[in-house]
2 protein chains.
Amino acid sequence: MTTVVADISVSLDGFVTGPDAGPDNGLGTGGEPLHTWVFESDDPLDAEILARSTERSGAVVMGRNLFDVIDAPSGWNDDMGYGAQHAARPPFFVVTHDPPADVRLELDFRFVADLPTAIEQAKAVAGDKDVFVMGGGEIIRQSVDAGLVDELVLHLSPVVLGAGTPLFVAATRRELVQREVRPSRTAVHLTYDVR
Amino acid sequence: MTTVVADISVSLDGFVTGPDAGPDNGLGTGGEPLHTWVFESDDPLDAEILARSTERSGAVVMGRNLFDVIDAPSGWNDDMGYGAQHAARPPFFVVTHDPPADVRLELDFRFVADLPTAIEQAKAVAGDKDVFVMGGGEIIRQSVDAGLVDELVLHLSPVVLGAGTPLFVAATRRELVQREVRPSRTAVHLTYDVR
């Protein structure tokens, strides 16, 4: 059965990027510690968790801002991102009312006007794998609020950013079930059941 | 040596109370899950963590709003709070420019005009025990921002509150060191080195 997972790295003060994030500044200014567990860890647990989520990805959902970061020249390449890590290269559903005229990356991007439809289409093609909602913050918040995801996975990094893109803005109150807590040397990997 | 610990329970979206918190509504509306680990847990780890911090308390620092919650008729009593749990009953330093005319609780409250002085006085009397900065959110944020604490302890509860009192508002960027992660069945107890 396909599980829909909202999966994102977050600071101790709830930001998913530092300030001034944009296509050429994906993690925002000073936001690099959010991805220490991805890029600079020598803890095998971090590598295991990254590999597991990549392997489980039957389809991926993202917002337009995140797409713009990924598809920018400074974005994913042969060494970084799904293009590098995932031989199967799942389809990527991008929520946008305004699909881009050109796409740099040679990946299977599909542009969809709204989040529920993107997740529905992602589930339809994920087969026996899972759907990963990978951000940004607003897409994760919407997907949790609307009960569109089964799991919320947070990679909690030991940094206070002070400003940036918040994960949760005026979310709907919701009690979750804490299911898995896996601390590595660089982050705490948290899994919650949303429904 | 005395360690200064900022210690508070927080939701997944970074709130230390739900909305409409006040003297008779300490955790705010719907904020009860923040203290499930304190009051409704059957996990011995939660009891151990609560007992350890109480036993380690040589002095406690709090803001005025938190004092008003604690000293209200619905606040601490013989069954709840330091009055019940701590035979030694440490002195409590309350940061306020406007000390109350009357105090209900028969505890050692001392009113101090600013946070650095409160922490300094608390350290002076803590002996070989520790100083706990117990809230609210603004006092914790100020104490971390100013580098007045050695450790930040967060009890992360599996709830999204959507509104309430934020822990961190426009904090200063700071990288911490993740030192201890202890998941119980009701919360994740996180300890970070601040300096």
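Start by selecting Gly14(A): among the residues of chain A, its C-alpha comes closest to the rotation axis, at 3.2 Å. Keep in mind during the tour that this is a predicted model.

**Stop 1: the two chains**

Now show both chains. Chain A falls on chain B after a rotation of 180 degrees with 0.0 Å of shift along the axis, and the RMSD is 0.0 Å. The two copies are thus related as by a two-fold rotation axis. Colour the contact residues of each chain and you will find that one surface serves both copies, since 100% of the contact residues of chain A recur in chain B.

**Stop 2: the sheet in chain A**

Hide chain B for a moment and turn to the strands. Chain A has an open sheet of 8 strands in the order 5-4-3-6-1-7-12-11, and the pairing is mixed. Which strands stand at the edges? Select 109-112 for strand 5 and 177-183 for strand 11 of chain A: each has a single partner strand, so one side of each is left without a neighbour in the sheet. As you rotate the view, look for the turn from strand to strand, which is 20 degrees on average between neighbours, direction ignored.

Stay at the strand 11 edge and add residues 188-193, which make up strand 12 of chain A. Strands 11 and 12 of chain A run antiparallel and are joined by 6 bridges. To see one of the partnerships, pick Glu180(A), whose bridge partner in strand 12 of chain A is Thr191(A).

**Stop 3: helices on the sheet**

Next, select residues 44-56, helix 2 of chain A, which packs on the sheet. Helix 2 touches strands 1, 3, 6, 7, 11 and 12 of chain A. Its direction makes about 130 degrees with that of strand 11 of chain A.

Then move to residues 64-71, helix 3 of chain A. Helix 3 lies across strands 3, 4 and 5 of chain A, and runs at about 105 degrees to strand 3 of chain A.

**Stop 4: the nonpolar core**

Bring chain B back. Which members of the largest nonpolar core touch the most other members? In this core of 70 residues, they are Val61(A), Leu152(A), Val61(B) and Leu152(B).

Zoom in on Leu152(A) and display its surroundings. Leaving aside neighbours within four places in sequence, the residues in contact with Leu152(A) include Ala6(A), Ile140(A), Val144(A), Phe168(A), Leu176(A) and Leu190(A). Look also for Leu12(B), a contact of Leu152(A) from the other chain.

**Stop 5: aromatic rings**

Show the aromatic side chains next. How many aromatic pairs are there over all chains? The count comes to 8. Select Phe67(A) and Phe109(A): their rings form an edge-to-face pair, 5.0 Å centre to centre with 85 degrees between the planes. This pair links distant parts of the chain, 42 residues apart, with Phe67(A) in helix 3 and Phe109(A) in strand 5 of chain A.

Are these two rings' residues buried or exposed? Phe67(A) is buried, at 2% relative accessible area, and Phe109(A) is buried as well, at 11%.

For another geometry, jump to chain B and select Phe92(B) and Phe109(B). Their ring centres are 5.4 Å apart and their planes stand at 40 degrees, so the pair is tilted. Phe92(B) sits in strand 4 and Phe109(B) in strand 5 of chain B, 17 residues apart. Both Phe92(B) and Phe109(B) are buried.

Back in chain A, widen the selection to Phe67(A), Trp76(A), Phe92(A), Phe109(A) and Phe111(A), a cluster linked by ring pairs.

**Stop 6: backbone details**

Most residues other than glycine have a negative phi, and most peptide bonds are trans. The last selections depart from that pattern.

- Gly135(A) to Gly136(A): this peptide bond is cis, with omega near -5 degrees. Gly136(A) lies in the loop between strand 6 and helix 6 of chain A.
- Gly135(B) to Gly136(B): this bond is cis too, with omega near 0 degrees.
- Ala170(A): its phi is positive, about 50 degrees. Ala170(A) lies in the loop between strands 9 and 10 of chain A and counts as exposed, at 61% relative accessibility.
- Asp20(B): its phi is positive, about 60 degrees. Look for Asp20(B) in the loop between strand 2 and helix 1 of chain B, where it is exposed at 64% relative accessible area.

Conventions: Residues are numbered from 1 along each chain as its sequence is written. Chains are lettered from A and ligands numbered from 1 in the order in which they are written. This is a predicted model: local features need pLDDT of at least 70, side-chain atom pairs count only at pLDDT 80 or more; totals for chains, interfaces and linings use all residues. Side-chain values use heavy atoms; hydrogens and water are left out. Two strands pair if DSSP finds at least two bridges between them. Helices (H or I, at least four residues) and strands (E, at least two) are DSSP runs, numbered from the N terminus. Axes are lines fitted to C-alpha atoms, for helices over the stretch in contact, and angles run from 0 to 180 degrees between N-to-C directions. Contact means heavy atoms within 4.5 Å. A nonpolar core is a set of buried Ala, Val, Leu, Ile, Met, Phe, Trp, Tyr and Cys residues joined through side-chain atoms within 4.5 Å. Buried means under 20% relative accessible area, exposed over 50%, partly exposed in between (1.4 Å probe, protein chains only). Copies are superposed by least squares on the C-alpha atoms of residues with pLDDT of at least 70 in both. Rings of Phe, Tyr and Trp (its six-membered ring) pair if their centres lie within 6.5 Å; planes under 30 degrees apart count as stacked, over 60 as edge-to-face and the rest as tilted.
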